[in-house]
Amino acid sequence: MDYQSKLSDALRSVKDEGRYRVFVDILRHRGDFPRATFHTPEGTREIIVWCSNDYLGMGQHPDVLAAMHRAIDEVGAGAGGTRNISGTTRYHVELEHELADLHQKEAALLFTSGYAANDATLSTLARLFGNCVIISDEMNHASMIEGIRRGGGPKRVWKHNDLAHLETLLKELDPEQPKIVAFESVYSMDGDISPIGEICDLAQRYGALTYLDEVHAVGLYGPRGGGIAERDGVLDKVDIIEGTLAKGFGVMGGYIAGSAMLIDVVRSYAPGFIFSTSLAPVLVAGVLAAVRHLKASNVEREKHQERARTLRRMMADAGLPVMMCESHIVPVMVGDPVVCKQVSDDLLQDHGIYVQPINYPTVPRGTERLRFTPCPVHTDEMMRDLVKALDSVWTQRNIRRAA
């Protein structure tokens, strides 16, 4: 085997398709986000970040930073082991209590990322229940798909947010067969929202558990930041909720929340949990501060929603092909991977605006886009500059505008 040739061919294939990804080397400005410094071999320049998943800017919040400083001064850097071997601290215990309370569940369990939480939980439950059918929304995240695949059991894919198709699939299954309906609340590439209550009602009618990924909603929706399920008053209908600590809460990590027995089973059986080093206490302390702050404050959520509405309206008024949705995601359709990368490069190099091109496999081929995530700290002036830059690049590149 000519290993180098094989590796070279793989990279060339990605580049030929226009979906080779380049890391953008930045340093965020503490206390001044979304401003950041862009590093290149030629030097540095100041930019505005428009694609961060730190949706509320909690990664810059004074309470979060202060909590992290205290933690590192008190206990040091790393956790020192897995959760079972010296890696469980008082910070971890308190955060799991806060997250269980946030979702009105009996217990919660921390993971190193949202990806790890989905992968470990779905694969573990599928194996434990035996012959468990997982019915997955066709737009589910890669981490859910991987967890379902690794579970090794049967699966069904239902048309995105299509209740009639979901019921058809549920009807076809043996009532005695274990089954899990897995779906998301906010789908982060299109920005649409699932009908959680109706999905849960169907699942319950046919004897299925529900597994809800609230990664792009926790912290951002609901009176205490409990996500879309809390906003819609249906937390009690969802069996298992999965979330992240790296987006709305601004730090790092993931978790699940559910019944005490289910959490105990996943804790006891999931290799992805058992054999992973625990989250560093400094990170957990920061998240703990963020969760507690957002349980009590709606200021960030209200401003965030207003900023998203404002930017979407400004883009639509400029004739840009912005996708309309009810969430905080503001996608602008391009439809070509090469052009999408060119537009992103133009914005960064010529206008000091950083937005990452979103290409396959994150989205289907032919739906390549720029995905903007306005934060409470993006100003009207920043938005006007962004729309002006987009209008200029769209004209220069002769890209199709909104109908």
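## Exercises on helix packing and an open sheet

Ala116 is buried, with a relative accessible area of 18%, where buried means under 20% relative accessible area, exposed over 50% and partly exposed in between, for a 1.4 Å probe and protein chains only. The model is predicted, so that local features need pLDDT of at least 70 and side-chain atom pairs count only at pLDDT 80 or more, while totals for chains, interfaces and linings use all residues. Residues are numbered from 1 along each chain as its sequence is written, and side-chain values use heavy atoms, with hydrogens and water left out.

**Exercise 1.** Locate Ala116 and describe how the helix that holds this residue packs on helix α5.

*Solution.* Begin with the element: Ala116 lies in helix α4, helices being DSSP runs of H or I with at least four residues, and strands runs of E with at least two, numbered from the N terminus. Next, take the geometry: α4 (residues 114–129) and α5 (residues 142–151) pack at an angle of about 25°, with their axes 7 Å apart. The axes are lines fitted to C-alpha atoms over the stretch in contact, and angles run from 0 to 180 degrees between N-to-C directions. That makes α4 roughly parallel to α5, a term for angles under 35 degrees, whereas over 145 is roughly antiparallel, 65 to 115 roughly perpendicular and the rest oblique. Finally, consider the contact (heavy atoms within 4.5 Å): the residues of α4 include Tyr115 and Leu122, and those of α5 include Met144 and Ile148.

**Exercise 2.** Describe the packing of helix α12 on helix α14, and the residues that make the contact.

*Solution.* First, α12 (residues 299–317) and α14 (residues 380–397) pack at an angle of about 30°, with their axes 10 Å apart. That makes α12 roughly parallel to α14. Then turn to the residues: Arg307, Thr310, Leu311, Met314 and Met315 of α12 meet Asp380, Met383, Arg384, Leu386, Val387 and Leu390 of α14.

**Exercise 3.** Work out the strand order of the open sheet and the strands at its edges.

*Solution.* The 4 strands of the open sheet follow the order β1-β2-β3-β12, with mixed pairing, and two strands pair if DSSP finds at least two bridges between them. At the edges stand β1 (26–28) and β12 (353–354), each with a single partner strand, so one side of each is left without a neighbour in the sheet. Strand β3 (residues 43–49) is joined to β12 by 2 bridges, and these strands run parallel. Within this sheet, Ile48 stands opposite Ile353 in β12.
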